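Hello,

Here is the structure I promised to pass on to you. Have a look at it first, and then read on for my notes on what turned up.

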Amino acid sequence: MAAAAPAIHTVDLTKRFGGTVALSGLSMTVPRGEIFGFLGPNGAGKTTSVKLLLGLLKPTSGEAWLLGEPIGDLGTRRRIGYLPELFRYQGWLDAREVLALHCELAPLPRSIWKEEIAAALDTVGLSERADDRVSTFSKGMQQRLGLAAALVGKPELVFLDEPTSALDPVGRHDVREIIRGLAARGTAVFLNSHLLSEVEQVCDRVAVVDHGRVIASGTMDELLSGTAVKVRVSGLDDSALTKLAAFGPLDDEGEHLTFTKLDIERVPELVSTIVALGGRVYEVAPRHQTLEDRFLQLLHEEER
Amino acid sequence: MPPVLVFARLTVQESSRRRLLLALVILTLLVVGFSAWGFQKITTVTRSDGTLLPHDQVSLITSQLLIVITFMYSGVLALSAAVVAGPLVSAEVESGLLLSMLARPVRRSEVVIGKWLGLAVLVFIYAAGSAALELTAVNWATGYEPPHPIELVLYVAAEGLALLSLGLVLSTRLSGITGGVIALVAWLMAWIAGVVGDIGTGLQNSALQNVGTISHLLLPTDGLWRGAVYAMEPDVILTALRAAGTAGRANPFSAVDPPPTAFLAWVVVWFALMLTLSVWSFRTREI
């Protein structure tokens, strides 16, 4: 494939572990320079997908290409960065040495190591701890270090598997900025996450995966075109709630019911139905679907 | 630096920074100090008529004591190699340490061979360093030198290397504790099987002899240990052992002949097999 080949392209990528299907027929394309969010509940097959793409696991069937080359190609890995979900770095090295190791394995010319390492440390905010042993780092700092390791060598494609799992809100904000910065310089980012607000804030395009299958994909605008309606209500019993299922997927949070996809024209009908079922309505708030609404709606539909 | 050497360097660096080397150096110096004192005492032993033991007799006792001391060294080396090699790959897979490195343009064979190479260097340094110190101390205390010191170092190191290679194979699939324990038990079993083989030789029982031979082929540690023993035996002992016939061969701390060339050739093949198996096993492992 030519230089214009997409960052990631997969066709029916499937992975089975014995009788368990971890990933079933994943077909997707991630264009260059885009931030792609890969969403799904725990155990949906997100990390398996990343490991397949990186050649750490072998697919049972299907094909995939990274930057135009088949997965497993050694040369392509020079152009890729990876922050694993299970991140761990040599505790007996200091941060600078860990990054030097990644420069060496990348491999980058020794003449640019110093500059690359300094830039990566600065980006993740670890410059002042550069000469400290990794064993003295907090989990969040180790995750920042992992992010720095994924950034050395200016990769064309970066895989970030739950990159903020150990970070505080400030750290999460920083990571979002780093991801935007990567996209701005043309790097494609494959963001694996179950933190929906995080994905919603940075991603151009998302795919939702559940039980090893992609159940929806598209740009954010395409996915979030619907309306959700949140109702504050009391006096409804379980049978009444069952009847309200006619208005689409329902997220029941006690006093607050969220109809995650409901046409705005149906709101009056919804209110009159609730009243007829003996409910008392205090508040009705229609809004654009959030990624969480859409996500819950998709999983709800999937279960049915 | 090619990736294989990077992983070798990392392995040595890790042992050094985790103070494994320091611990071994301190313990070795302690043993050398105590044994030098002990050997020196041999030269002060007097006979019933009040005279000191003649030099030949001191050398004879020293040679036998040195074999026992060396057995301890070879044990330390074998145990350390098994304990370190057991988690060599598995611990880094389980902790996730290898994930980000394997996403680099690195072949899994380079990881395995690099780690083996790093530990092999440490095994040789320990074997050569501790032998140099111990033999110097013994020579200072008693004036005795074993007949083949270079071969002694090579056989002891090769024994450690064999345990390291076995531990590495296990480490590509099993957890560190399991791999380490299996390697240790295998080492002890191989030694005991060697003793059984000796008893078979003494009793001229071919079935028991075969136990020894087969164990030497499966795990050549005991066969290599016999090579180390042979390298430490002065001619006078060898002559006495040969004169004793089959009974002289029935002893795990003696060797009448050097290891046969065919066995040494098999050891080389065995190392190649272990490394090939490690590479294949790790290459086909899903991480």
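Apart from neighbours within four places in sequence, T10(A) is in contact with L26(A), S27(A), M28(A), G62(A) and A64(A). T10(A) belongs to strand β1 of chain A, which runs over residues 8-17. One of those partners, G62(A), is 52 residues away along the chain, yet the C-alpha atoms of T10(A) and G62(A) are separated by 7.7 Å. Is T10(A) buried or exposed? With 25 other C-beta atoms within 10 Å, T10(A) is buried, because 20 or more are enough for that.

Please keep in mind that this is a predicted model. The predictor gives the complex an ipTM of 0.88 and a pTM of 0.87. For chain B the mean pLDDT is 92, and 100% of the residues reach 70 or more. Among the elements of chain B, helix α12 (residues 261-283) has the highest mean pLDDT, 97, and helix α11 (residues 235-243) the lowest, 87.

Now to chain A as a whole. Its secondary structure comes to 10 helices and 14 strands. Along the principal axes, the C-alpha atoms of chain A fill a box of roughly 75 × 45 × 35 Å. Of the 304 residues in chain A, 42% are buried. If you take the contacts in chain A with a separation of 6 or more, 70% of them join residues 24 or more positions apart.

Next, the place where the two chains meet. Here 23 residues of chain A are in contact with 19 residues of chain B. On the chain A side, the elements that give two or more residues are β6 (80-83), α2 (95-105) and α4 (139-151). The most come from α2(A), with 3 residues. Sorted by class, this side of chain A has 14 nonpolar, 4 polar and 5 charged residues.

You may also like to look at the nonpolar cores. The largest has 148 residues, and those that touch the most other members are A148(A), V189(A), F190(A), L191(A), V123(B) and V156(B). Helix α7 of chain B (residues 149-171) supplies the largest share of this core, 15 residues. Which residues does V123(B) touch, not counting those up to four places away in sequence? They are L77(B), A81(B), A157(B), G160(B), L161(B) and L164(B). There is also a second, separate core of 11 residues, and V229(A), V233(A), L244(A) and L262(A) are among its members.

Finally, a helix that is worth turning around on your screen: α9 of chain B, residues 206-218. At 1.5 Å a residue, its 13 residues should span 18 Å, and the end C-alpha atoms are 18 Å apart, so the two agree. Within α9(B), the residues G212(B), S215(B) and H216(B) are buried. They cover an arc of only 105° around the axis, which means that they sit on the same side of α9(B). On the other side of α9(B) you will find S206(B), A207(B) and I214(B), which are exposed. The cover over the buried residues of α9(B) includes α8 (176-203), α10 (221-232) and α12 of chain B. That α12 is the helix I mentioned above for its highest mean pLDDT among the elements of chain B.

Happy looking, and do write back with any questions.

Best wishes

How values were computed. Residues are numbered from 1 along each chain as its sequence is written. Chains are lettered from A and ligands numbered from 1 in the order in which they are written. This is a predicted model: local features need pLDDT of at least 70, side-chain atom pairs count only at pLDDT 80 or more; totals for chains, interfaces and linings use all residues. pLDDT is the predictor's confidence in each residue, from 0 to 100. Helices (H or I, at least four residues) and strands (E, at least two) are DSSP runs, numbered from the N terminus. The expected span of a helix is 1.5 Å times one less than its number of residues. A residue is buried if 20 or more other C-beta atoms lie within 10 Å of its own, exposed if 12 or fewer, and partly exposed in between; C-beta atoms are placed from the backbone. The arc is that of the directions from the helix axis to the C-beta atoms. Two residues are in contact if their C-beta atoms, placed from the backbone, lie within 7 Å. Ala, Val, Leu, Ile, Met, Phe, Trp, Tyr, Cys and Pro count as nonpolar, Asp, Glu, Lys and Arg as charged, and the others, Gly among them, as polar. A nonpolar core is a set of buried Ala, Val, Leu, Ile, Met, Phe, Trp, Tyr and Cys residues joined through C-beta atoms within 7 Å.
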